[in-house]
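Me: Please take a close look at a single part of this model, one helix and what follows it. Then place that part in the context of the whole.

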Amino acid sequence: MFLAHVNSLEASIFSSLAILSLLLAFVMLGSHWLRNYVYAFAAESWLIAALSAAVGYFGGYRELYAIAILTALFRGLVLPWLLVRIISHLNVKREMHAVLQPSSSLVVGALLVMFAFVIANYMNHETATAGHVVVLALTIMISLKLLGFLMLSVRNEAISQILGLLVLENGIFLGSQILVPGMPMLIEIVILFDLLIIVACFGMLVRYLVVHAGTTSSRELQRLVG
Amino acid sequence: MVLPDLVLQICQVLCVLLLAPLLQGFILKAEERVQRSRGPSLIQPYRDLWKLFHKELVLPESASWIFWIAPFVAFTAMLIVPILIPVLTDRPLPLSDMGDMLGGGMVLTLGSFAILLAGLDSGNVYGGIGSSRAVMLGILAEPTLILVLVGISLLAKAMLPFVVNHLLLGSLSVYWSPAHVFLILGFFALLLVETDRLPIHSSTHIEIYMIDEARILEYSGPLLALLKWASMMKQFILYIIFCNVFLLPWGMSQLGTPLGQLGSVVTLLLKFLLVALAVVIVETVQSRLRFYRYQEPLAAGFLFAVLAIVSSQLL
C-alpha cells in the first residue's frame with residue numbers, strides 16, 4: 001500500500017484536497033439554489049481530479065494522470081454542463097419545499113461526519129502519518145456517501161436527487177483514489193461512462209416528467225398510473 | 001526597562017477601554033466609504049459618548065433597581081475580560097488565572113444577561129421584543145461558541161488562551177492544520193453575530209428588526225453611554241480573541257517594555273484593520289436575513305466547529 005510510505009507534505013496535500021471536497025458537499029447541503037448545487041459539484045470534481053493527479057505523481061501511478069484528465073473533463077465539465085442545460089429548460093430555480101431546512105441539514109450533516117469518523121477510526125489499523133490519511137480518507141468517503149444519501153432523502157427536486165447520487169459516487173471515487181490507487185483503468189472509464197449515461201437518461205426523464213406530470217418534484221408524484 | 005506585571009495588566013485594560021470606540025468608528029467609516037459616501041469621523045463614537053455623559057438622566061417610572069444596576073454590571077464585566085486574555089502581552093499577568101476560556105466566555109455573557117434583564121424590567125414593549133430576540137440568538141449561538149472553545153482547547157490540550165497563542169506561534173503545521181482553519185471560520189461566524197453585524201442584525205440603528213438597540217431603548221444620558229461603551233468594548237474584546245488567539249497570534253509584546261507595549265498596540269490596530277475590512281466586506285455584500293433564517297450562519301459555524309473537533313482528533 002503506497003500510503004505506508006507517505007510523508008507529511010504529501011499527507012497534508014491529500015488531506016486538504018479531501019477536506020475541501022467535503023466542504024463543497026456541505027455547500028450543496030446549505031444552499032437553496034439548484035445552480036449552486038451544480039457549481040459545487042463541478043468544483044468538487046476538479047478537486048478530486050487534482051487529488052488523482054497528486055496520488056499519481058507521488059505514488060508513481062502513470063495511468064492516474066489519464067484518469068485525472070478524464071475526471072476533470074467528464075465530472076468537472078460535461079456533467080455540470082448537461083445539468084445546467086436541464087436546469088435552464090426547467091422553470092424551477094430552487095428547492096421550494098425541503099423536508100429539512102438547509103440549516104438543520106447542515107447540523108444533521110455534521111452529526112453524520114462525526115458518525116463516519118467513529119467508523120473510520122474503528123476500521124483503521126495503520127499507525128502514524130499513514131494512519132491519519134487513511135482515517136481522513138475513510139471519514140470523508142463515508143461522510144460523502146452519507147451526505148449523498150441525505151440529499152437523496154430530504155430533497156424533492158429531481159435535479160437535487162441526481163446530484164445526491166453524483167455526490168455519493170464522488171465519495172466512493174475519492175476514497176478509492178487515496179486508499180486503493182491503481183484500479184484497472186478500464187473500470188474507471190466504465191464508471192465515468194455510466195455516469196454520463198445516467199445523466200443523459202435523467203435529462204430525458206425530466207423532460208418526460210415536465211410534459212406528462214407538469215412537475216419535477218417528487219412531492220407531486222404520488223399517484224400510480226397504470 | 002521592563003514594566004512591572006501589574007502595570008502591564010492595567011495597560012491591557014486601559015487599551016480595551018480607550019481604543020474600543022475607535023474600532024467602532026473605523027467600521028462605521030469604512031462601511032460608508034465602501035458605499036462611496038463620506039461617513040462619520042473616526043472619533044465620532046468618542047464624541048457621542050462625551051455628549052451622552054453630559055446629558056440629563058431620565059428614568060422610566062416602572063423601572064426597578066435592575067434597571068439601575070445593569071449598565072454597571074455590563075461595563076464591569078467588559079473590564080474584567082481583558083484581564084483574562086492576551087491583549088498586549090503574550091504571557092499570564094497578575095489575576096489572569098482567575099478564569100480560563102470558558103470563564104471569560106461566562107463573564108462576557110453575564111454582561112449581555114444583565115442588559116437582557118434590564119430590557120424586560122421597564123415593561124416597555126420594545127425592550128421585551130429585543131430581549132426575547134436576543135435570547136433566541138443566544139440559544140443558537142452559545143452551542144457554537146462552546147464548541148469552538150472546546151475545539152481550540154482540544155488542539156492546545158489546555159483551556160488557557162495564552163497556551164493556544166504560544167502553540168500557534170510555535171508551529172506552522174498546527175496553524176495550517178484543518179482543525180485550526182475550521183475553528184477560524186466558525187469563530188468568524190460567531191464574531192459577526194455577537195458584534196451586531198449584518199447577516200442577522202440590521203445595519204441601521206432604530207428600526208423594527210432591531211435586537212440590541214431595542215433592549216436599551218429606555219436608557220438615556222450617562223447610563224446609555226455606559227451601555228454603548230460596554231457594547232463597543234465587547235466588540236473589541238471579541239476581535240482581540242479572534243486575532244490573538246485564533247487568526248493572527250503574531251506581534252505581541254513578550255518582555256513588557258514600554259516600547260514593546262506601544263508596538264503591540266500598533267500591531268493590534270493593524271490586525272483589527274484586516275478583520276474589520278473582512279467584516280465590512282460581509283456587511284456590504286450580504287443583506288439581512290429573514291427572522292426564520294437566523295439559524296443558517298450559526299448552523300454553518302456549528303458545522304465548522306464540529307468538523308474542527310473531528311479533524312483535531314486526527315492530529
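Reply: Helices are taken here as DSSP runs of H or I with at least four residues, numbered from the N terminus. The model is predicted, and the part chosen is helix α8 of chain B, residues 178-194.

With its 17 residues, α8(B) should span 24 Å at 1.5 Å a residue. The end C-alpha atoms of the helix are 24 Å apart, which agrees with that expectation. The helix is mostly covered, since a residue counts as buried when 20 or more other C-beta atoms lie within 10 Å of its own, and 14 of the 17 residues of α8(B) are buried. Just after the helix, B:D196 adopts a positive phi of about 60°.

A helix in the other chain offers a parallel case. Helix α2 of chain A (residues 34-59) has 26 residues and reaches 37 Å from its first C-alpha to its last, close to the 38 Å expected at 1.5 Å a residue. There too a residue with positive phi follows: A:G60, near 75°.

How far may chain B be trusted? Its mean pLDDT is 86, with 99% of its residues at 70 or more. Confidence within chain B is lowest in helix α7 (residues 172-175), at a mean of 77, and highest in helix α2 (residues 44-53) of chain B, at 93. For the complex, the predictor gives an ipTM of 0.73 and a pTM of 0.83.

Elsewhere in chain B, B:L149 lies in helix α5 (residues 125-156). This leucine is buried, because 23 other C-beta atoms lie within 10 Å. Leaving aside neighbours within four places in sequence, B:L149 is in contact with B:M101, B:L102 and B:G105. By contrast, B:S112 is 37 residues from B:L149 along the chain, and their C-alpha atoms are separated by 19 Å.

The interior can be described at the level of the whole model. The largest nonpolar core has 154 residues, and those with the most contacts inside it are A:A18, A:M28, A:V167, B:L303 and B:V306. Helix α10 of chain B (residues 221-247) supplies the largest share of this core, 19 residues. Beyond its neighbours within four places in sequence, A:A18 touches A:L51, A:L136, A:A137, A:I140, A:L174 and A:I178.

Chain A consists of seven helices and has zero strands. Its radius of gyration is 18 Å, close to the 17 Å that the globule rule gives for 226 residues, so chain A is as compact as a globular protein of that length. The C-alpha trace of chain A spans about 55 × 35 × 30 Å along its principal axes. Of the 226 residues, 42% count as buried. Among contacts in chain A between residues at least 6 apart in sequence, 72% join residues at least 24 apart.

Finally, the two chains meet through 17 residues from chain A and eleven residues from chain B. On the side of chain A that touches chain B, α1 (8-30), α4 (102-123) and α5 (128-154) each supply at least two residues. The most comes from α4(A), with nine residues. By class, this side of chain A has eleven nonpolar, six polar and no charged residues.

Definitions and conventions. Residues are numbered from 1 along each chain as its sequence is written. Chains are lettered from A and ligands numbered from 1 in the order in which they are written. This is a predicted model: local features need pLDDT of at least 70, side-chain atom pairs count only at pLDDT 80 or more; totals for chains, interfaces and linings use all residues. Two residues are in contact if their C-beta atoms, placed from the backbone, lie within 7 Å. Ala, Val, Leu, Ile, Met, Phe, Trp, Tyr, Cys and Pro count as nonpolar, Asp, Glu, Lys and Arg as charged, and the others, Gly among them, as polar. A nonpolar core is a set of buried Ala, Val, Leu, Ile, Met, Phe, Trp, Tyr and Cys residues joined through C-beta atoms within 7 Å. A residue is buried if 20 or more other C-beta atoms lie within 10 Å of its own, exposed if 12 or fewer, and partly exposed in between; C-beta atoms are placed from the backbone. The radius of gyration is taken over C-alpha atoms; the globule rule is 2.2 Å times the number of residues to the power 0.38. The expected span of a helix is 1.5 Å times one less than its number of residues. pLDDT is the predictor's confidence in each residue, from 0 to 100.
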